[in-house]
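Q: Hi! Could you walk me through this model with me at the bench? I'd like to start with empty space inside.

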Amino acid sequence: MSMDIKPQDIQFRVGDNAWIGLETLSVSRDLNSAASAFSAGGVPLVLGNGPISIYDPVQIIADGVPVFTGILDDLDASCDGDSGFLLGLSGRSKTGLLVDCTATPKVYTYSPPMQIVRDIAGSFGIVTDAAISDMTLIERFTVPWGERAFDAIDRLARNHGFLVTDNAKGRLMFCRADNPTDGGRLNEDTITRIRYTLSGASRYYQTIGQVEVQDKTDHSAFLQATSYDDGCDAIRRRHVSLSDVFTAKQLKEALDWQAATDLAQSVQLNIDVEGWFNSTGALWAPNQLVLVSYPPTGLEKTLLVYSVGFNLDGSPTTSLSLAPQAGFLLMEPKKTPDALKEMGLPTFNLPAPELLTMNRDATKGANNTSSRWKELDS
C-alpha cells in the first residue's frame, strides 16, 4: 500500500451514498477504548443523494483499504442559501453499542476471558477478534444487573491484564502489548511535528486494593494488596475495590498492571506524520511497535502506538500517541524516581528533565508529603 494517498483516494459512505474528496474528515482510535469515532464536515447534499438517517451504516475507505466501519450517530444540516445544504456527520464504530447498552446479567464460572467477551459482544451482533490465546480460566465473573456491556469487558481487561480496542472493520479487539504488530519506522521524511504531553493527574504514589472473597463454607474475608509508583508525589493515593479476583497474587498483579499503564500514559510522545499508512504499507493502528528515528532531537526509540487519529484537512495526515511498551506489559512498574526515563522515554526537549521524576523529593509513608507541598503550606 502506498503511503502517498490523496484526498481523491478516500471514499466516505453513508447508507447508499458515497462521497470522494471531502474537505474535512477525521477518525480516532485508541487502546482501552471500545469504539473509534469519526466526524465529517462540509459534506454536500446534492440532487441524486439518497436518504440519510441516524443509525445508517458508515464506512471510510482509503485506496481500497477499510479505515472505519460504524454507525451514524449525529447529523447536522445547514444552508446559507447559495451552496445548498452542507452536512456535519459524526458517529462511532459498531462497537459503540457496547458503550451505550447494558449487558445481559450473567454469572460465568471457569470460563476463558475470550469466551466471556465474545458472549457479551455477540449479543449485540459484534464480532470479537483476539491476538492472545494463553489466558487462564477465570474462576468466576459476574455481570450484574444494569452494567453497561463495555464496563464489564473493561473490568475484565483491567483485572486480567489485556487491552481492548476496535479495528477498521468494526470488530472488537483484545490484545497484549507483548504481542504487537510491526509499525515500521518513522523518520524525518514522514514526521511533520513531534511533541510531548506530560500529566500527573492519572498517577498515584500508592494504590491500595481490596477484594471480598468467600471460602467453600461461604465465609467472607477481605484480601488487600498495595502497588507503588515511587516517582509520584507521596500525598497522591487511592483505594480501589475489585471484583472477580480471587487470590492475593491476582489482586497484586491487577494493581501493578493499573499502576504501570497509568505511568506509561502520563508521558506520551505525540507525532504527526504524512499519510494514513506506516512504512510497512499497513494502516496505522493501536498496538503497533514503531522505531522512531529523529536526528534533529537525538530521538532513537522503539515505542508502542497507543492512539491513532486519521485526519483529512487538505491532505491526509495521522496523529500518533506513543508510549513505552513496558508500561502496558503485565509486570510490576519500576520503583525508582527515574521510572519514566528507564521505561524508554527521552528527555531531550522537556523544559526541565527532572520533571520526569514528577517530584524528586517524594517520600514514602501515608502521612508524609513532599518538600514542594511543605513549602506551599509554610
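Q: So how many cavities of 30 Å³ or more does a search of the whole structure find?
A: The search finds 1. A cavity here is a set of points on a 1 Å grid, over the protein atoms alone, where a 1.4 Å probe fits but cannot get out. Grid points are joined across faces, edges and corners, and a volume is the space filled by probe spheres set on the points. This is a predicted model, where local features need pLDDT of at least 70, side-chain atom pairs count only at pLDDT 80 or more, and totals for chains, interfaces and linings use all residues. Residues are numbered from 1 along each chain as its sequence is written, and side-chain values use heavy atoms, with hydrogens and water left out.

Q: What volume does the largest cavity have, and which residues line it?
A: Its volume is about 30 Å³. The lining is made of Arg203, Tyr204, Thr207, Asp229, Arg238, Ala259, Asp262 and Leu263, where a lining residue has an atom within 4 Å of a point.

Q: What's the lining like by class?
A: There are 4 charged, 3 nonpolar and 1 polar residues. Ala, Val, Leu, Ile, Met, Phe, Trp, Tyr, Cys and Pro count as nonpolar, Asp, Glu, Lys and Arg as charged, and the others, Gly among them, as polar.

Q: Which element gives the most to that lining?
A: That's α4, with 3 residues. Helices (H or I, at least four residues) and strands (E, at least two) are DSSP runs, numbered from the N terminus.

Q: At what angle do α3 and α4 cross?
A: The axes of α3 (residues 149-160) and α4 (residues 248-266) cross at roughly 100 degrees and come within 7 Å. Axes are lines fitted to C-alpha atoms, for helices over the stretch in contact, with angles from 0 to 180 degrees between N-to-C directions. The two helices are therefore roughly perpendicular, a label for 65 to 115 degrees.

Q: Which residues meet there?
A: Ala157, Arg158 and Asn159 of α3 meet Ala254, Trp257 and Gln258 of α4, with contact meaning heavy atoms within 4.5 Å.

Q: And how do α2 and α3 pack?
A: α2 (residues 113-122) packs with α3 at about 170 degrees, axes 10 Å apart, so they are roughly antiparallel (over 145 degrees). Pro113, Ile116, Val117 and Ile120 of α2 touch Ala149, Ala152, Ile153 and Leu156 of α3.

Q: New topic: how many salt bridges are there?
A: The count is 13, taking a side-chain nitrogen of Lys or Arg within 4 Å of a carboxyl oxygen of Asp or Glu. One of them joins Asp166 and Arg29 (3.4 Å, N to O), with Asp166 in β11 and Arg29 in β3, 137 residues apart.

Conventions:
Parallel < 35°, antiparallel > 145°, perpendicular 65-115°, else oblique. 1 Å grid on protein atoms, 1.4 Å probe; cavity = no way out; pocket = protein on both sides within 12 Å on 5 of 7 lines; lining within 4 Å.
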